[in-house]
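Here are my notes after going through the model, as numbered points. Have it open beside you while you read.

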Amino acid sequence: MLSLSVREVSAALREGRLSATELCRRCLNHIKKTHYLNAYITVTEDLAMKQAQEAELRLTRGNPLGPLDGIPFSVKDNFCTENVETTCASHMLRGYFPPFNATVVQKLLDQGAVLVGKTNLDEFAMGSGSTDSVFGPVRNPWSYSVSHREQSREHDPESDWVIAGGSSGGSAAAVASLSSFMALGSDTGGSTRNPGSLCGLVALKPTYGLVSRHGLIPLVNSMDVPGIMTRTVHDAATVLGILQGRDEKDSTTVESPDSPSNLPEEFDVRDICVGVPKEYHAPGMSAETLAQWGRVVALFERAGARVKEVSLPHTQHSIVCYHVLCCCEVASNMARFDGLQYGHRSTVDSSTEALYATTRHEGFNSVVRSRILAGNYFLLKKNYDRYFVKAQQIRRLITEDFRRVFQSGVDVLLTPTTLSDAARYSDFIQEDNRTRSAQEDIFTQPVNVAGLPAVTVPTALSNRGLPISLQLIGQSFQDMKLLTVANWMEQQLNFPIIRFHDDTEARDRQTDRTRNENANWGHE
């Protein structure tokens, strides 16, 4: 039951084969069973059961609010949730209970979706491993999968587990571990796609302005986008269709495009041109990731799609540009946490200056403080033109690179999402947060700089039994076209469902899925 897609479980609820309360109870029990993953900061058990009971009553009467009615979901703990603690995984916001819901959360609740919890993350979403949370690191569910443990018999998963990616690692772990059917993350430089890739999920970063940021505690206002994590592309498209559109509380949002909000039933891949950026052959890419990239390129070619190599020449400058702009906006956004209005307040109050300083030192970890320091340095009058203005100029050049490629007739770009499969936690923490973020965001952050949509799709398991994924990048506000191509790609790849040692359900589901696909193939 828990390994069903949103589409499948929605049908089961509507047809009465499954009750919303039973489904919610199973998810809550599974959260307890997989607590060692540390995916959740807050589990909203009472609220979830109340919402499930209301959904069940509607479904019994045949009046569902929408396709998500009765379906459990989780939310990254940097989205505001009314009367539910929102911490950003930081001491600074422990005990903060927002008086309102973020727009994206409210839209899901309006559809009858059931909130089961708030998920773990890197503090204030600054990181790429979900290892820098005040509540501890998130573990990748695939660390405990049959596929990984069979390939890593000499390693003890209790002491040698792999990371979930970040900064939305908790949301990714929640969906991958089957305790939630969908989850919201935030994506500033790849923070939804990176963990989605490492946890074997479909992770969508919509076009900037298509989905409201209201209620998302900001990191980098000009790049932040609410991200969507699901197990299938169709599910991601369903959620996007609900979340997209103008919001009067967010002036950067636009009206929903005229394109259909559902994926087309028929799609001819021969009408598509796929671009392969030569600059994305980055140092440090694993042989397996490179092989999967080549495999999927060949898949498109054999199916009749046009594939051509393209150039994005300013990609090499993107990570530095992103770092400067990120730190500058972080310095501005973090200024609000001064101990006066909300959040942590130091007991040292000998002066206003002492209160500010000690509050921020106690409330923020070293990663946040270092980015604030760097941002304020870049914004000094003597440095402003040299760093901030120069980074904005490079940002325009990066955006122009993408525009030029898409104007040449390319419909989507196909790239890696990460350099390799998930790193062991013990290896990952050998390097500092800044270095790791630069390495892990290399393929994802140019999309945020340019404001484009992108989605990561799992392609295969590595020799270690861990997910490897690839990224598709689309044109602005052509998110559904992007997802249409991703849906075709997903259908060709048949990525396996995660299976734990005591999990027979997933094994049976995978067998049934394979049998059905083989039957469908025979009728074509």
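1. Let me start with a glycine. This is a predicted model, and in it Gly 200 touches Trp 142, Pro 458, Pro 467 and Phe 495, if we leave aside its neighbours within four places in sequence. Gly 200 belongs to the loop between α7 (193-198) and β5 (202-205). Its relative accessible area is 10%, so Gly 200 counts as buried. If you want a distance to check, the C-alpha atoms of Gly 200 and Ala 164 are 10.0 Å apart, with the two positions 36 residues apart along the chain.

2. Another loop residue to look at is Met 334, in the loop between α10 (318-333) and α11 (352-363). Met 334 has 0% relative accessibility, so it is buried. Setting aside neighbours within four places in sequence, its contacts are Phe 124, Met 126, Pro 218, Arg 360, Phe 364, Val 368 and Ile 372. Leu 466 is 132 residues from Met 334 along the chain, and their C-alpha atoms are separated by 36 Å.

3. On to the cores. In soluble globular proteins, nonpolar side chains tend to be buried together. The largest nonpolar core here has 133 residues, and those with the most contacts inside it are Phe 124, Phe 300, Phe 402, Leu 414 and Met 489. Take Phe 402: leaving out neighbours within four places in sequence, it is in contact with Tyr 280, Leu 312, Leu 413, Pro 446, Ala 450, Leu 452 and Ile 473. Apart from the largest core lies another core, of 22 residues, which includes Met 49, Ala 172, Ala 183 and Leu 201.

4. Now helix α6 (residues 169-176). How many of its residues are buried? The count is 8 of 8, so helix α6 is mostly covered under the cut-off of less than 20% relative accessible area. The buried set is Gly 169, Gly 170, Ser 171, Ala 172, Ala 173, Ala 174, Val 175 and Ala 176. These buried residues pack against β1 (40-43), β2 (72-76), β3 (114-119), β4 (182-187), α7 and β6 (225-230). Just after α6, Leu 178 has a positive phi of about 75 degrees, which you may want to look at on screen.

5. Helix α8 is also worth a look. Here 9 of the 11 residues are buried, so α8 is largely enclosed by the rest of the structure. The buried ones are Val 233, Asp 235, Ala 236, Ala 237, Thr 238, Val 239, Leu 240, Ile 242 and Leu 243. Gly 245, just after α8, takes a positive phi of about 125 degrees.

6. What does α8 pack on? The axes of α8 (residues 233-243) and α17 (residues 479-493) come within 9 Å and cross at roughly 165 degrees. Angles over 145 degrees count as roughly antiparallel, so α8 is roughly antiparallel to α17. The crossing is left-handed. From α8, Val 233, His 234, Ala 237, Leu 240 and Gly 241 meet Asp 479, Met 480, Leu 483, Ala 486, Asn 487 and Glu 490 of α17. By class, that contact has 6 nonpolar, 3 polar and 2 charged residues.

7. Helix α17 also packs with α9 (residues 287-302), at an angle of about 105 degrees and with the axes 11 Å apart. The two helices are therefore roughly perpendicular to each other. In α9, Arg 295, Val 296, Leu 299 and Phe 300 meet Val 485, Trp 488, Met 489, Gln 492 and Leu 493 in α17. The classes are 7 nonpolar, 1 polar and 1 charged. Phe 300 and Met 489 are both on the list of residues with the most contacts inside the largest core.

8. Last, the pair α2 (residues 20-33) and α3 (residues 45-61). These pack at an angle of about 155 degrees, with their axes 7 Å apart. That angle makes α2 roughly antiparallel to α3, and the crossing is right-handed. The α2 side supplies Ala 20, Thr 21, Cys 24, Arg 25, Leu 28 and Lys 32, which meet Glu 45, Ala 48, Met 49, Ala 52, Gln 53, Ala 55, Glu 56 and Leu 59 in α3. By class, the contact of α2 with α3 has 8 nonpolar, 2 polar and 4 charged residues. Met 49 is also one of the residues in the core of 22.

Conventions
Residues numbered from 1 in each chain as written. Predicted model: local features only at pLDDT ≥ 70, side-chain atom pairs only at ≥ 80, totals over all residues. Heavy atoms only, no water. Axes fitted to C-alpha atoms, helices over the stretch in contact; angles between N-to-C directions. Helix = DSSP H or I, 4+ residues; strand = E, 2+ residues; numbered from the N terminus. Parallel < 35°, antiparallel > 145°, perpendicular 65-115°, else oblique. Left-handed = near helix turned anticlockwise from the far one by under 90°. Contact = heavy atoms within 4.5 Å. Nonpolar A, V, L, I, M, F, W, Y, C, P; charged D, E, K, R; others polar. Core = buried A, V, L, I, M, F, W, Y, C linked by side-chain atoms within 4.5 Å. Buried < 20%, exposed > 50% of the residue type's maximum accessible area, 1.4 Å probe, protein only.
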